[in-house]
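Grab the model and work through a few exercises. Each one has a task, followed by a solution in steps.

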Amino acid sequence: MSVTELSGPPRPEPAPPADPPTRPTRGGSPFGALLLRLHFYAGVLVAPFLLVAALTGLAYTVAPQVDGVLYGDRLTVTGVGERPLPVADQVGAARNAHPEGSVTSVQPGAGDRTTRVVFSAPEYGEKQHTVYVDPYTARVQGQLTTWFGSTPATTWLDDLHRNLHLGVAGRHYSELAASWLWVIALGGVVLWWRRRRASRAAVRHLLVPDLSAARGVRRTRGWHATLGVWLTIGLLFLSATGLTWSRYAGANFGAGLDSLDARAPQLSTALTATPGNPTDTGGGHHGMSTGGGVVESAAFDRVLTAARTAGLAGPVEIAPATEPGSAWTVTQVDNTWPVAKDRVAVDPATATVTARSDFADWPLLAQLSGLGIQAHMGVLFGPVNQILLAALALGLLCVIVWGYRMWWQRRPTRSDRRALAGTPPARGGVRGLPRWVLLVGVPVTAAVGWALPLFGLTLLAFLAVDTVLGAVSRRRRPATAPAPAGR
């Protein structure tokens, strides 16, 4: 009998040890993994600022209605007369009710709107004092401390949204939110598209959540992503328009407009004094103080008549000269579409138009900037504008809440691995990117960070925190023991 027969069939060789399982990258590619991790960190850390901005912005959308409730007896008249009284009489009534300060502007009332006579004085600082006059009876209906024409309630809501009533320091919160809003919105759309592009119904489920078999975190993700896609255009608009008047990014935007010569043109108010064309009129029975000295109040009617003759219809604001020897200005202040923002300079002595600036002739960027600001404030399209902004704010609140809910739903629930929230997406996306992507992406990101300083600084902070967390995780990870040698 052979040795083989005595010892039995040969034993199979042991299989080589399997490689340790690797953690799947939910992004599907290095770029997807990097974008997913950035979206996660921005969502977790920036979302609180967006939450506050959405809540305060939602409150600001109802500012016109709040004004109507609180100040309706000053902003509107109880009875509309056949024709308004001369502006000089209305200004004189306002001066009698408020003898202090200088008249800086007058908005003649029309329809059921009162005339607004605005006074300034050094003790007011940036704010003014507005007297509201019935244009048909010259009866003073009330007075308010205003800020660029806004009532105290609107000013309070505006400060709440812009800086949380914390002054200059508080403006950082709103700029940070606006700086990251466009990144989060676009990143979310790309991630959702990458997740759905393999499906034939990808486009449909970009706009309608797929809830047929979704449960738990998948259902929440469907609502979060689909609503985010619907809101994307509006969120990008809010981000862009919010940044235009922010502290740091807004300054860079203004410098860009200056370099392109794209700002609204200045209206020349220079006058040439001659013996037959005096630049100051005073001593009349309705003489009063303005920024340019003592003027005859009848000049308000002459200037208004000249502006109407020049084609400035609708609501206007008359501003006396800020210094002697200058023209007065009349500006259309209709900010509802189609807007009317034409301006003329008028010699108050001769009622001659000396200069003109039409909104249609402004540079395109200046026009878009002005329209964008009015739309951001809910003015451009009236109540429809307010409703759209309120819907955007409510939608953003829902997206934020669903984002945090997903983080909580992804938490480990095993008895030996319980946690309050889910783990971050896997790192390593940067190392897998092609070199050309880094060569292009790094300078572009640096340029965006320079233009939006708070975005750049917080992005560097995210990278620093992520690097530290990665180093700590590697230090805590136990070393893999070598496999024992077979006998």
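**Exercise 1. Count the salt bridges and describe the pairs.**

Start with the rule: a salt bridge is a side-chain nitrogen of Lys or Arg within 4 Å of a carboxyl oxygen of Asp or Glu. By that rule the count comes to five salt bridges. Before going on, note that this is a predicted model, where local features need pLDDT of at least 70 and side-chain atom pairs count only at pLDDT 80 or more, while totals for chains, interfaces and linings use all residues. Residues are numbered from 1 along each chain as its sequence is written, and side-chain values use heavy atoms, with hydrogens and water left out.

Step one: take Arg356 and Asp358, whose side chains meet at 2.8 Å, N to O. Arg356 is partly exposed at 40% relative accessibility, and Asp358 is partly exposed too, at 21%. The classes here are buried (under 20% relative accessible area), exposed (over 50%) and partly exposed in between, with a 1.4 Å probe and protein chains only.

Step two: look for shared partners. Asp158, Asp159 and Arg162 are joined into one network by salt bridges that share partners. Within it, Asp158 pairs with Arg162, the closest N and O atoms being 3.2 Å apart. These two are separated by about one helical turn because they sit four residues apart in helix α5 (residues 152-163). Helices (H or I, at least four residues) and strands (E, at least two) are DSSP runs, numbered from the N terminus. Asp158 is buried, at 16%.

Step three: add Asp73 and Arg74, which form a salt bridge with closest N and O atoms 3.5 Å apart. Asp73 is partly exposed at 49%, whereas Arg74 counts as buried at 19%.

**Exercise 2. Describe the second largest pocket and the second largest cavity.**

Rolling a probe the size of a water molecule over the atoms shows where empty space is left. In detail, on a 1 Å grid over the protein atoms alone, a cavity is a set of points where a 1.4 Å probe fits but cannot get out, and a pocket is an open set with protein on both sides within 12 Å along at least five of seven lines; lining residues have an atom within 4 Å of a point. Grid points are joined across faces, edges and corners, and a volume is the space filled by probe spheres set on the points.

Step one, the pocket: the second largest one has a volume of about 1,400 Å³. Its lining has 39 residues, with Leu34, Leu38, Val430, Thr445 and Leu459 nearest the centre. Two or more lining residues come from each of α2 (30-60), α6 (171-196), α13 (435-451) and α14 (453-476). Sorted by class, there are 25 nonpolar, nine polar and five charged residues. For that sorting, Ala, Val, Leu, Ile, Met, Phe, Trp, Tyr, Cys and Pro count as nonpolar, Asp, Glu, Lys and Arg as charged, and the others, Gly among them, as polar.

Step two, the cavity: there are two cavities of 30 Å³ or more, and the second largest has a volume of about 30 Å³. Leu35, Leu38, His39, Ala42, Val183, Ile184 and Gly187 line this cavity. Helix α2 gives the most to the lining, with four residues. By class, the cavity lining has five nonpolar, two polar and no charged residues.

**Exercise 3. Find the unusual backbone spots.**

Step one: check the peptide bond from Trp337 to Pro338, which is cis, with omega near -5 degrees. Pro338 lies in the loop between β8 (328-332) and β9 (343-347).

Step two: check for positive phi outside glycine. Ala138 has a phi of about 60 degrees and is found in the loop between β3 and β4 (140-146). Ala351 has a phi of about 55 degrees; its place is in the loop between β9 and β10 (352-357). Ala351 is partly exposed, at 31% relative accessibility.

**Exercise 4. Is each of two loop alanines, Ala121 and Ala270, buried or exposed?**

Step one: Ala121, in the loop between β2 (115-120) and β3 (128-133), is buried because its relative accessible area is 11%.

Step two: Ala270, in the loop between α9 (248-259) and β5 (287-290), is exposed, at 59%. The C-alpha atoms of Ala270 and Thr354 are 8.3 Å apart, with their positions 84 residues apart along the chain.
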